[in-house]
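Reader: Hello! Could you take me through a close look at one packed pair of helices, with the cut-offs spelled out as you go?

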Amino acid sequence: MSSDPDDAELIARSLDGDQDAFVEVVRRHEAAVGAYLARRVGRDSAEDLLGEVWVAAFKSRAKYDRAFSDARPWLIGVAHNTIRRHWRSRPAEEPVADMSIVASGWDPWAAVDSRVDGESVLRRALALLGPQQREIVTLVAWEDLTVAEAGRVLGMPSGTARRRLHEARTALRNAPGMVELLTDHNAMKGAS
């Protein structure tokens, strides 16, 4: 019985001329990368940027570190850089949206969000974080990356990523309204 090749092997095959190999990497990760983009720039812009991500990833695949069998953190890093280029290319009269607006845009888990009473409290708390802290939290919580993988996405050592995540968690716990939200959540959990 043969097992499916990992992403690193597929990228190597694509470099050797197998045209379908990179298509398989895209197929495996298109939903995760698309959701990452949508949560940061909204659905419409995400659809436009997704193609740019795949082109950039294809062009830079020779630089992929094949020691990592899962390409998702690398692809999210490519998406992260694509978003940064997108924001830098926006005209001065079209300022980058406030993070609280982006965070309240399209969300793939609307049904879950509608059950969370403290959604606005959490969104305000996230908006108060610094950009790197917010990115670490969202990469770990929304994209389900490890702290080390999130650090790779952002180009920082895993120790720095762990420190930023710790700082973000502390800031979130101490944000206005979060103590009450956590107290209510824990009380509801204990009642069930």
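Author: Happy to; here is the setting, followed by the pair itself.

This is a predicted model, in which local features need pLDDT of at least 70, side-chain atom pairs count only at pLDDT 80 or more, and totals for chains, interfaces and linings use all residues. Residues are numbered from 1 along each chain as its sequence is written, and side-chain values use heavy atoms, with hydrogens and water left out.

The chain holds 11 helices and 0 strands; these are DSSP runs numbered from the N terminus, helices being H or I with at least four residues and strands E with at least two. Of its 192 residues, 41% are buried, meaning under 20% relative accessible area with a 1.4 Å probe, protein chains only.

Now the pair: helix 8 covers residues 131–141 and helix 9 residues 147–154, and they pack at about 130 degrees with axes 9 Å apart. The axes are lines fitted to C-alpha atoms over the stretch in contact, with angles from 0 to 180 degrees between N-to-C directions. Helix 8 is therefore oblique to helix 9, the term for angles that are not under 35 degrees (roughly parallel), over 145 (roughly antiparallel) or 65 to 115 (roughly perpendicular).

Which residues meet in helix 8 and helix 9? Helix 8 brings Gln132, Glu135, Ile136, Leu139 and Val140, while helix 9 offers Val147, Ala150, Val153 and Leu154, contact meaning heavy atoms within 4.5 Å. These residues divide into 7 nonpolar, 1 polar and 1 charged. Ala, Val, Leu, Ile, Met, Phe, Trp, Tyr, Cys and Pro count as nonpolar, Asp, Glu, Lys and Arg as charged, and the others, Gly among them, as polar.

Notes: Buried means under 20% relative accessible area, exposed over 50%, partly exposed in between (1.4 Å probe, protein chains only).
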